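Please read this note alongside the sequence and the structure. The points below take one helix and one strand in turn.

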Amino acid sequence: MFARLVRESFVRNPRRKVLTAAALVVGMAVATATLTVALEVGDRLAREFRSLGANLIVTPESDTLPLEIGGVDYRPVDEGAYLSEADLGKLKTIFWRHNILGFTPFLDVPTIAAGMRTTMVGTWYEHEVPVPDGTSFETGLKATHPSWQIEGRWFRDGADEVVVGAALAARNPDAFAIGKTIQVTQSEPSDAARALVITGIATTGDSEDNAILVPLSFAQQYSGHPGQFRQLFVSALTKPADALANRDPKSLTPTEYDRWFCSPYISSISYQIRQVIPGVDVRAIRKVADSEGKILSHVSTLLWIVTLAALIAAALAVAATSATTVIERRGEIGIMKAIGATNAMVAGLFLAEQLMLAVVGGAIGFLFGAGLARILGASVFGTPAAPRVVLLPVALGIAALVALIGSLIPLRRAARFDPAPILRGE
Amino acid sequence: MAVLVQIENLRKEFGNVCALDGVTFDVQAGEWIAIMGPSGSGKTTLINILGGLDTPTSGRAIVDGADVGRLDESGLARFRSEKIGFIFQQFHLVPYLTAIENVMLAQYFHSTTDETEAREALGRVGLTDRVEHLPGQLSGGEQQRVAVARALINHPKLILADEPTGNLDEANEGIVLKLLRELHSEGHTILMVTHAASIGQLADRRIELAHGRLAQVNVRV
């Protein structure tokens, strides 16, 4: 009987129903669009931020402090700790492996190049790293330091080639010219000089402007540390830190720990890196991470405010149409109460009708919202935001909540109608 | 016979207007009472209080042991669905429900619906072939017969009829009165408000109200 009552009542006065449904459609369309963009915006902005460079630095836990003067590390090659190149593939096995966009090892070796004291930086530009699962991962400076500019070309992996930092090249343009060969030695005078062909001049904006960059394998062989490196720069997609992100994992409850571990915080990714490569220190490059966090959090706040405003507007519209409906149907309510309906039965009847409208409005609003999100995504990020089916139940749930909140006051009023005056026609 | 309705010094005020002023009388189970009096004498107010649609300002109205003025909201709803069968002058059917659905609505608010029983009730009032009609497709007399079927469906202790023939032509008036006579002969207790002396004469007793007071009590017909 209840279903029959709701059905019969639902198909009556379609104009009023259309108005209520329209309010819900608009509210849910805006909510779906902003939620879709909000979910996308984190990933997209994070990817765009990653074009700024690495955001994590991995060093040996027991390393000594670098002795750098003017960008040149004066530590002897035998001092300090090293990391194993063979472990790097494990980075692509952590829980958030897909968020590891790239990593580049650095091996600094004090050297004399073309008679000038400088640092030789062994690294990768484009390098295939074998992953324990049998696949491989291409990474290097191209992924972690995309802002570095090159005049000429980068060295080839494994070749006796060198790229000279722009500041160093400016100090001796004749010696450090593209195409020329330079001699590198670790001490002077030396019989063990090695010849390297200059393929490019790099402008990095970092200390490497005063260094020479060579393939990692060359630097390892040259320094006598085959298969080793000193520093690793990692570019990882992360989410802004919140209260949970900054907690000590040891102080978390098992549920909190699971949530923390399964969130791509800088802290949780660092933790996972330390798990697969023991004995390392993983630090965030704070300047980059903090800026990302602030921008992401501001954009998210803005989207949430827009969503909330749309939902409040929808709830107000539902409240207005519900109030009119309840007044129109006073007579019916009076009859029902006269023949034994309780307040809860009357409220339940109207509520069921509102929930049906919420399902219809929420579903249509979701479709419109998915379209709106595509347009927003295309205009803001250049590519349309993909519709997320997971948001459909969310949209329906929110629509039901909005319909419920909007109907609350009219429903209370309906439940409290006194049947006697209604039946008297007052 | 047992007393079904006890009314003691019943008073009802609407602001400064006193609709009922110290009304006292009893109704035996199985009696048919006609409540008569001019407009504004308090007849409908009395019926509404007895049916739990209104509450008294003071005094008591006890129906089948339930003091109506002391019932809370849910108690009143249960009282109306279990003990009272209403027949209104304006019929008061739900316009978008068919005849049978209107009858089943009372069943639903009482406990559970039983379509067969609802069909039988409509058959009893002579509407077997009109069960699927909406109120708008029925004549006034037919609508009132649906209301009678709805009033009877939960086997109420007391049938309250407020001018049940006030909106009907002579032919339909006859049909509805015949139904009321049948109900009375089956032992139902009926309190009927009416203006018409000819209809009032059908009842066992007449109670006449004037300005909210009993003008004539226990007039045996």
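1. In this predicted model, B:Gly187 comes just after helix H6(B) and has a positive phi of about 105 degrees.

2. The helix before that glycine, H6 of chain B, covers residues 170-185. Its 16 residues, at 1.5 Å a residue, should span 22 Å, and the C-alpha atoms at its ends are 22 Å apart, so the expected and computed spans agree.

3. Which residues of H6(B) are buried? They are B:Glu173, B:Val176, B:Leu179, B:Leu180 and B:Leu183. These residues lie on the same side of H6(B), because the arc they cover around the axis is only 125 degrees.

4. The buried residues of H6(B) pack against three elements of chain B: helix H5 (140-152), strand E7 (158-162) and strand E8 (189-193). On the other side of H6(B), the exposed residues are B:Glu170, B:Ala171, B:Lys178, B:Glu182 and B:Ser185.

5. Turning to chain A, strand E15 is made up of residues 231-236. Five of its six residues are buried, so the rest of the structure largely encloses this strand.

6. Which strands pair with E15(A)? Strand E1 (residues 56-60) of chain A runs antiparallel to E15(A) and is joined to it by three bridges. Within E15(A), A:Phe233 is the residue opposite A:Ile57.

7. Strand E5 (residues 100-113) of chain A also pairs with E15(A) in the antiparallel sense, here over six bridges. A:Phe106 has A:Gln231 of E15(A) as its bridge partner.

Technical notes:
Residues numbered from 1 in each chain as written. Chains lettered and ligands numbered in written order. Predicted model: local features only at pLDDT ≥ 70, side-chain atom pairs only at ≥ 80, totals over all residues. Buried ≥ 20, exposed ≤ 12 C-beta atoms within 10 Å, placed from the backbone. Helix = DSSP H or I, 4+ residues; strand = E, 2+ residues; numbered from the N terminus. Pairing = 2+ DSSP bridges. Expected span 1.5 Å × (residues − 1). Arc of directions from axis to C-beta. Contact = placed C-beta atoms within 7 Å.
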